[in-house]
Amino acid sequence: MNKTGALGCLCVLVFFMSACAGLKGENTADKPLAGEETAHEERYEAEDAQIRGKIIRQTEKEGFSGKSYVSGFTEEGDKIIFTIKNEKDGFYDLVFRASGIGGKKENTIYVDGKCEGILLTEESDVFLDSVLKRVYLTRGEHKITLEKDWGWLDLDCLYLKESAPMDDEVYQASGVLADKEADTCAEELMKYLCGIYGEKILSGQYSLYGPDGKEIQLINRLTGEYPAILGMDMKDYSLTAAERGAQPQVTEWAEEYWEKGGIIALSWHWLLPDRYVRGEWWQALYADETTIDLDAVLNGRDKEGCELLMKDLDRMAMELQKLQKQDIPVLWRPFHEADGGWFWWSRGGPDCYKKLWRLMFDKFTREYDLHNLIWVYSGMGEEWYPGDAYVDIIGEDIYPAKSCISAQGDKFLNALDYTDTVKPVMLSESGFLPEPENAARDGIYWLGCLLWGEDYLIREPGCGGHSDHLLPGSVIKNFYNNDKVITRKELPDFKEIIALSES
């Protein structure tokens with residue numbers, strides 16, 4: 001969820017930087033780039049590609065190769081199309097030498113007209129290598145298109161590199177939980193998750209109204225199936241919402257879906273207390289609508305603020321205890337998308353974020369003896385990662401262009417670098433469904449895929465019609481009816497497994 005998209009999020013894909021060389025205006029097409037240890041395959045200059053829209057050729061920034069570079073990507077429809085040729089079938093890294101204008105920027109990459117992902121570029125005085133990794137290309141000619149999304153980009157060239165082979169060990173997760181006193185229910189669920197990891201993908205769906213929500217009904221009508229994972233939001237348990245008369249039923253819905261054989265995933269769009277709300281109370285999750293100094297709260301300078309946050313944590317812990325008493329494990333996903341900066345928990349930067357995460361972990365596990373939680377990190381970046389001792393699963397929130405069905409291997413591989421151990425990686429919030437056959441071909445098996453609800457499935461709020469302009473019904477049917485995807489009916493009887501393990 002973000003401020004500008006219908007509770008969606010921006011998705012982010014990893015970049016790798018290398019030093020760049022070349023004097024202003026000098027043709028370096030036949031020279032290696034500075035920092036390269038081996039020669040790259042053929043370089044494709046941006047100024048020689050097909051340019052659409054108001055993109056212009058420039059020579060002002062130093063370090064470009066060829067005769068010039070291109071700049072702009074500021075208007076809808078601005079794009080550049082490279083025609084490339086590779087000599088054999090295989091996986092390739094698409095390396096764009098570029099830099100963002102006025103900060104970090106994201107733009108969409110298409111291969112032969114199909115969305116492959118989002119290219120992330122940093123602002124820089126020189127051109128840096130931004131990489132989209134592990135794209136499968138058949139032998140022959142292909143069209144690589146970089147199209148405006150955020151826009152504001154300087155682009156020098158594109159070249160290909162053969163991708164590094166996938167390491168079989170990336171799916172060898174131990175399943176040992178961060179909570180050393182984890183309940184049997186959490187241990188057994190985690191054991192199952194690690195058992196299917198690398199072979200199957202769990203289906204998942206967010207729903208505002210639980211098991212009977214429009215999203216769940218629609219999926220069943222289209223596919224005859226139900227998602228293995230039901231995702232819901234604990235936002236209305238925040239004191240700010242409760243004071244306005246909110247009466248959420250999420251814990252009751254969680255119990256209901258668990259009884260029907262499903263897995264529960266809970267997020268918390270935490271609404272700050274009124275003291276910190278600049279605008280409307282329901283916007284109290286956004287950084288620019290609140291005034292909290294998180295560093296002051298966490299370091300004792302804002303004692304009242306600390307007390308208010310502790311009250312909210314107390315309320316949440318007591319709700320989660322209701323599920324623990326029923327032996328219901330929870331994929332618990334707090335503080336998501338910190339890297340985007342749009343939520344208040346990103347205030348103070350990574351250090352404050354990690355301190356807040358660890359504070360919640362310790363309070364829940366030690367003070368409240370909450371041991372039914374499997375902790376899912378989706379802060380969207382290595383620098384925000386709280387540490388292996390506080391995380392069980394790494395989640396990525398990805399919202400590529402509409403109708404994208406690629407496996408998004410680049411983002412998956414990036415998440416592997418957050419930790420030196422092996423943690424399962426899942427699509428913890430998604431605006432697309434990866435095509436299962438593409439995932440199998442690419443060797444990219446997300447643990448699960450939790451599709452966001454509302455506009456990504458429903459034509460308009462409160463309407464049960466299918467929103468085909470964002471996610472075609474054929475894509476949903478193909479995903480749910482593929483033998484590589486696990487639906488609710490294909491899950492084991494966790495209640496029986498837990499009972500046998502406890503006996």
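A salt bridge is a side-chain nitrogen of Lys or Arg within 4 Å of a carboxyl oxygen of Asp or Glu. By this rule the structure, a predicted model, holds 25 salt bridges.

**Exercise 1. A salt bridge within domain 1**

Find how far apart in the chain Lys61 and Asp154 are, and which elements hold them.

Solution. Step 1: the side chains of Lys61 and Asp154 meet in a salt bridge, with 2.9 Å from N to O. Step 2: Lys61 lies in the loop between strand S3 (56–58) and strand S4 (69–72). Step 3: Asp154 belongs to strand S11 (residues 153–162). The two residues are 93 residues apart, and the pair links distant parts of the chain.

**Exercise 2. The two domains**

Describe how domain 1 and domain 2 meet, using the area they bury between them.

Solution. Step 1: the domain assignment gives domain 1 as 42–162 and domain 2 as 168–502. Step 2: taken over C-alpha atoms, the domain centres are separated by 33 Å. Step 3: the contact involves 13 residues of domain 1 and 12 residues of domain 2. Step 4: the size of an interface is often given as the accessible area lost when the parts come together. Here the two domains bury about 1,000 Å² between them, and 55% of this is on carbon and sulfur atoms. Step 5: of the area that domain 1 buries against domain 2, Cys115, Lys133 and Arg134 supply 47%, more than any other three residues.

**Exercise 3. Testing a pair against the cut-off**

Show that Lys104 and Asp339 satisfy the salt-bridge rule.

Solution. Step 1: the closest N and O atoms of Lys104 and Asp339 are 3.8 Å apart. Step 2: the rule asks for a distance within 4 Å, so Lys104 forms a salt bridge with Asp339. Step 3: across the interface of domain 1 and domain 2, the rule finds 1 salt bridge.

**Exercise 4. Two helices**

Classify the packing of helix H2 (residues 214–223) against helix H10 (residues 473–480).

Solution. Step 1: the helices pack at an angle of about 80°, with their axes 9 Å apart. Step 2: angles of 65 to 115 degrees count as roughly perpendicular, so H2 is roughly perpendicular to H10. Step 3: H2 contributes Ile219, Leu222 and Thr223 to the contact, and H10 contributes Ile476, Lys477 and Tyr480. Step 4: by class, these are 4 nonpolar, 1 polar and 1 charged residues.

Definitions and conventions. Residues are numbered from 1 along each chain as its sequence is written. This is a predicted model: local features need pLDDT of at least 70, side-chain atom pairs count only at pLDDT 80 or more; totals for chains, interfaces and linings use all residues. Side-chain values use heavy atoms; hydrogens and water are left out. Axes are lines fitted to C-alpha atoms, for helices over the stretch in contact, and angles run from 0 to 180 degrees between N-to-C directions. Helices (H or I, at least four residues) and strands (E, at least two) are DSSP runs, numbered from the N terminus. Angles under 35 degrees count as roughly parallel, over 145 as roughly antiparallel, 65 to 115 as roughly perpendicular and the rest as oblique. Contact means heavy atoms within 4.5 Å. Ala, Val, Leu, Ile, Met, Phe, Trp, Tyr, Cys and Pro count as nonpolar, Asp, Glu, Lys and Arg as charged, and the others, Gly among them, as polar. Domain bounds come from an automatic or database domain assignment. Buried area is the accessible area (1.4 Å probe) that two parts lose on being put together, summed over both.
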